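Reader: I'm new to this. Could you show me how to read helix crossings and pockets in a model?

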Amino acid sequence: MTDITPSAEPTPTPAGAERPLPIRALLGIAHRWPTWLGLAVMAQSAFGMDDGRPQALIVFLAALIYLGTALLGRPAVVWPLFVASVVGVAVARVLDADPWPALVGGAVCVTVLALVAGVARRPPLTALQVPFMLVFGGAAVVALSLSPVAGSYLVAAALIGHAVQDVVVWRANQVVTRSLAEFCAVLDFTLGVAILVLV
């Protein structure tokens with residue numbers, strides 16, 4: 001009588017398990033590059049801070065970039081918009097020009113274009129970028145006219161509020177790329193908390 005036993009199937013090796021532990025750890029850390037970038041920008045922004053009002057620029061740009069991306073309807077354009085906004089602000093500072101008039105004017109134009117293009121009739125998370133621009137952008141502008149303490153608290157609240165939106169967008173994987181949403185969530189939340197602690 002022949003003994004027929006089914007041959008055991010080879011156990012599949014989990015992806016990446018053949019790599020040494022240090023390499024797997026480095027790859028895991030590298031995978032979270034948006035988090036590390038957000039923490040680095042937060043540290044640079046919070047260094048020596050005694051007034052949180054200048055950080056209003058960050059929450060204003062975040063809202064504007066999200067709305068611009070929603071208007072274009074292509075999440076992948078968010079990083080080019082981010083780079084363009086950072087370069088624009090840097091150039092304004094080098095030229096000793098106030099970036100706020102151009103930013104507010106740009107936000108008004110983008111909001112009008114978004115309304116004309118029907119962004120408010122798109123999926124809910126995309127449509128919400130119009131009122132979010134008004135809320136977060138308005139809070140940023142109002143904060144500039146308040147006292148250092150009151151303005152700092154308003155900026156901190158706006159940053160933390162935008163971080164909540166970042167998490168929702170990240171989970172839904174809509175509006176902007178997940179990498180930008182992760183970067184923005186880490187930056188907004190940690191900077192908001194830093195303002196509350198340092199000011």
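**Pockets and crossings**

Author: Sure. Keep in mind that this is a predicted model. Let's begin with the largest pocket, which has a volume of about 520 Å³.

Reader: Okay, how many residues line the largest pocket, and which lie nearest its centre?

Author: There are 20 lining residues, and Val-41, Ser-45, Ile-58, Leu-61 and Val-86 lie nearest the centre of the largest pocket. Once you have the residues, look for the elements they sit in. Here, α2 (33-46), α3 (56-72), α4 (78-94) and α9 (178-198) each give two or more residues to that lining.

Reader: Which element gives the most to the lining of the largest pocket?

Author: That's α3, with 6 residues.

Reader: And how do the lining residues of the largest pocket divide into nonpolar, polar and charged?

Author: You'll find 16 nonpolar, 3 polar and 1 charged in the lining of the largest pocket.

Reader: Let's try the next one. How much space lies in the second largest pocket?

Author: About 230 Å³. Its lining has 13 residues, and those nearest the centre of the second largest pocket are Leu-64, Ile-65, Leu-81, Ser-85 and Val-110. For this pocket, the elements giving two or more residues to the lining are α3, α4 and α5.

Reader: Where does the largest share of the lining of the second largest pocket come from?

Author: From α3, which supplies 6 residues. By class, the lining of the second largest pocket has 10 nonpolar, 3 polar and no charged residues.

Reader: Now the helices. How do I read a crossing, say α3 with α4?

Author: Look at the distance between the axes, then the angle, then the handedness. The axes of α3 and α4 come within 10 Å and cross at roughly 140°. That angle makes α3 oblique to α4.

Reader: Is the crossing of α3 and α4 right-handed or left-handed?

Author: Right-handed. To see who touches whom, find Leu-57, Leu-61, Ile-65, Gly-68, Thr-69 and Leu-72 on α3; the partners on α4 are Val-78, Leu-81, Phe-82, Ser-85, Val-89 and Arg-93. Sorted by class, the contact of α3 with α4 has 8 nonpolar, 3 polar and 1 charged residues.

Reader: Some of those names came up before, didn't they?

Author: Good catch! Leu-61 is among the residues nearest the centre of the largest pocket, while Ile-65, Leu-81 and Ser-85 are among those nearest the centre of the second largest pocket.

Reader: What about helix α5 and helix α7: at roughly what angle do their axes cross?

Author: Helix α5 (residues 100-116) and helix α7 (residues 129-144) have axes that cross at roughly 165° and come within 11 Å. So α5 and α7 are roughly antiparallel to each other. As for handedness, α5 passes α7 in a left-handed crossing.

Reader: Which residues in α5 meet which ones in α7?

Author: On the α5 side, look for Trp-100, Val-104, Ala-107, Thr-111, Ala-114 and Leu-115; they meet Val-130, Met-133, Leu-134, Ala-140, Val-141 and Leu-144 in α7. The contact of α5 with α7 counts 11 nonpolar, 1 polar and no charged residues.

Reader: Can I try one more pair, α8 and α9?

Author: Go for it. The axes of helix α8 (residues 148-172) and α9 come within 8 Å and cross at roughly 155°.

Reader: Why are α8 and α9 called roughly antiparallel?

Author: Because angles over 145 degrees count as roughly antiparallel, and the axes of α8 and α9 cross at roughly 155°. The crossing of α8 and α9 is left-handed, and by class their contact has 17 nonpolar, 3 polar and 5 charged residues.

Technical notes. Residues are numbered from 1 along each chain as its sequence is written. This is a predicted model: local features need pLDDT of at least 70, side-chain atom pairs count only at pLDDT 80 or more; totals for chains, interfaces and linings use all residues. Side-chain values use heavy atoms; hydrogens and water are left out. Axes are lines fitted to C-alpha atoms, for helices over the stretch in contact, and angles run from 0 to 180 degrees between N-to-C directions. Helices (H or I, at least four residues) and strands (E, at least two) are DSSP runs, numbered from the N terminus. Angles under 35 degrees count as roughly parallel, over 145 as roughly antiparallel, 65 to 115 as roughly perpendicular and the rest as oblique. A crossing is left-handed if the near helix is turned anticlockwise from the far one by less than a right angle, and right-handed if clockwise. Contact means heavy atoms within 4.5 Å. Ala, Val, Leu, Ile, Met, Phe, Trp, Tyr, Cys and Pro count as nonpolar, Asp, Glu, Lys and Arg as charged, and the others, Gly among them, as polar. On a 1 Å grid over the protein atoms alone, a cavity is a set of points where a 1.4 Å probe fits but cannot get out, and a pocket is an open set with protein on both sides within 12 Å along at least five of seven lines; lining residues have an atom within 4 Å of a point. Grid points are joined across faces, edges and corners, and a volume is the space filled by probe spheres set on the points.
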